[in-house]
Amino acid sequence: MDIEDLRTFVEVADAGGVTSAALRLGISKSMVSRRLMRLEAELGVQLLARSTRGASLTEAGATFRDYAARVSAEIDVARETIVPAGELRGRLRVAAPLSFGPTHFAAVIAQMARRHPHLQIQTCYSDRFVDLIAEGYDCAIRVGTLQDSSLIARRVGPLYGSFVASPDYIKVHGSPETPDELVAHQALMQGTETWQVMDGDKVITVRPQGRFKADNGVALAVAAAAGLGIAALPDELIKDYLTSGELVPVMKRHPPPPIGIYVVRPPGQHPARKVRVLTEMLIECFDHGPALPKTAQM
């Protein structure tokens with residue numbers, strides 16, 4: 001029984017169709033179909049009920065899916081055990097934020113691909129919340145406060161931020177100096193949320209109000225520069241705005257607390273070595289402070 005046939009079946013089962021599985025695997029739909037037919041012929045049972053809307057597991061397929069996933073995982077562990085220590089093979093699917101990913105994480109991922117020429121890497125840059133298990137990702141890089149979940153997280157470094165506004169906004173509305181004053185201003189937010197503010201050694205929570213929201217930090221920086229309100233953004237994202245004077249810091253005595261950069265992965269006893277390697281490279285790059293170290297430059 002071919003291990004790639006097993007992997008392909010698991011991908012189709014999890015993705016809910018041949019087309020989605022082909023995109024995940026980076027191969028053609030016809031190749032996915034051939035692998036499925038070969039596996040069903042080998043087993044002598046129908047694993048998937050196919051229709052124009054996708055593919056659903058038969059009773060036999062639902063039973064076999066968990067066995068196939070475990071076998072595939074065990075093969076990965078065995079392969080990592082016997083291959084040379086520095087060599088990675090197979091495929092790594094990573095989800096990363098659009099706001100910060102291309103400018104800060106892409107260089108590390110590209111460096112990993114250069115070091116491991118036999119490793120296939122697929123990265124999805126999006127600010128939407130990616131379901132790692134349902135969508136078949138090995139891991140995700142996430143920034144901020146993590147939600148409670150069954151995922152396993154590893155902190156790889158800190159990220160520092162500031163409250164900022166444009167000089168025009170400050171000229172009209174003034175510059176807040178305290179958390180109480182901050183809540184009276186127009187806040188530029190990613191959603192219905194709270195902001196955390198440092199008050200000496202304590203962290204306090206405020207509930208800002210605002211009419212402009214976006215799910216992307218770059219868009220919030222543009223809105224702040226346009227004079228629409230106050231934004232809480234990572235320093236690395238706004239450094240060019242600060243240099244040009246389009247944005248200026250406010251609330252200097254009460255900055256937002258540092259947030260974390262994390263690698264999260266689906267639950268399991270041992271992370272795949274490819275995920276461990278990526279995590280270690282990110283720690284090397286980001287666990288020194290807010291700036292991007294030269295080691296991450298290509």
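This is a guided tour of one chain, moving from the whole fold to single residues that can be selected in turn.

**The whole chain**

Begin with everything displayed, bearing in mind that this is a predicted model. The C-alpha trace spans about 75 × 45 × 30 Å along its principal axes, and the chain carries 11 helices and 14 strands. Of the 298 residues in the chain, 43% are buried. Among contacts with a separation of 6 or more, 72% are between residues 24 or more positions apart.

Next, colour by domain: domain 1 takes residues 1-85, domain 2 is made of the two segments 87-158 and 259-291, and domain 3 takes 161-249. With centres taken over C-alpha atoms, domain 1 and domain 3 are separated by 48 Å.

**Residues 1-58 and the helix that follows**

Select residues 1-58, which the unreviewed UniProt entry annotates as "domain: HTH lysR-type". Over this stretch the chain is 62% helix and 14% strand, and the C-alpha atoms at its ends lie 20 Å apart.

Now extend the selection to helix H4 (residues 59-82) and pick out Ser72, which is found in it. Ser72 is buried, with a relative accessible area of 7%. A polar atom of the Ser72 side chain lies 2.9 Å from the backbone oxygen of Ala68. If neighbours within four places in sequence are set aside, the residues in contact with Ser72 are Ile3, Leu6 and Arg7.

**Aromatic pairs**

How many aromatic pairs does a search of the whole structure find? The search finds four. One of them joins Phe9 and Phe64 in a tilted arrangement, with 5.7 Å from centre to centre and 40° between the planes. This pair links distant parts of the chain, since Phe9 belongs to helix H1 (residues 3-15) and Phe64 to helix H4, 55 residues apart. Both Phe9 and Phe64 are buried.

Moving on, select Phe100 and Phe105, whose rings form an edge-to-face pair at 6.0 Å centre to centre, with 65° between the planes. Phe100 and Phe105 are both buried. Add Phe286 to the selection, and the three residues Phe100, Phe105 and Phe286 make up one aromatic cluster.

**Helix H11**

Stay with Phe286, which lies in helix H11 (residues 273-286). Is Phe286 buried or exposed? Phe286 counts as buried because its relative accessibility is 2%, below the 20% cut-off. Display Leu159 alongside: Phe286 and Leu159 are 127 residues apart in sequence, but their C-alpha atoms are 8.5 Å apart in space.

In the same view, select Lys274, which also lies in helix H11. Lys274 counts as buried, at 10% relative accessibility. A polar atom of the Lys274 side chain lies 2.3 Å from the backbone oxygen of Arg91. From C-alpha to C-alpha, Lys274 and Met112 are 9.4 Å apart in space, although 162 residues separate them in sequence.

**Met251**

Select Met251 next, in the loop between strand S13 (248-250) and strand S14 (259-265). The phi angle of Met251 is near 55°, a positive value in a residue other than glycine. Met251 counts as buried, at 2% relative accessibility.

**Cysteines**

Finish with the cysteines, where a search of the whole structure finds zero disulfides. Why is Cys124 not bonded to Cys139? The sulfur of Cys139 is the closest cysteine sulfur to that of Cys124, yet it is 12 Å away and therefore too far for a bond, the cut-off for a disulfide being 2.5 Å. Cys124 counts as partly exposed, at 22% relative accessibility. Cys285 is likewise in no disulfide, the nearest cysteine sulfur, that of Cys139, being 15 Å away. With 3% relative accessibility, Cys285 counts as buried.

Notes:
Residues are numbered from 1 along each chain as its sequence is written. This is a predicted model: local features need pLDDT of at least 70, side-chain atom pairs count only at pLDDT 80 or more; totals for chains, interfaces and linings use all residues. Side-chain values use heavy atoms; hydrogens and water are left out. Domain bounds come from an automatic or database domain assignment. Buried means under 20% relative accessible area, exposed over 50%, partly exposed in between (1.4 Å probe, protein chains only). Helices (H or I, at least four residues) and strands (E, at least two) are DSSP runs, numbered from the N terminus. UniProt positions are given in the numbering used here, feature names are shortened, and annotations may be inferred rather than shown by experiment. A polar contact is a pair of N or O atoms within 3.5 Å; within protein, one must be able to donate a hydrogen and the other to accept it, and residues adjacent in sequence count only if both atoms are side-chain atoms. Contact means heavy atoms within 4.5 Å. Rings of Phe, Tyr and Trp (its six-membered ring) pair if their centres lie within 6.5 Å; planes under 30 degrees apart count as stacked, over 60 as edge-to-face and the rest as tilted.
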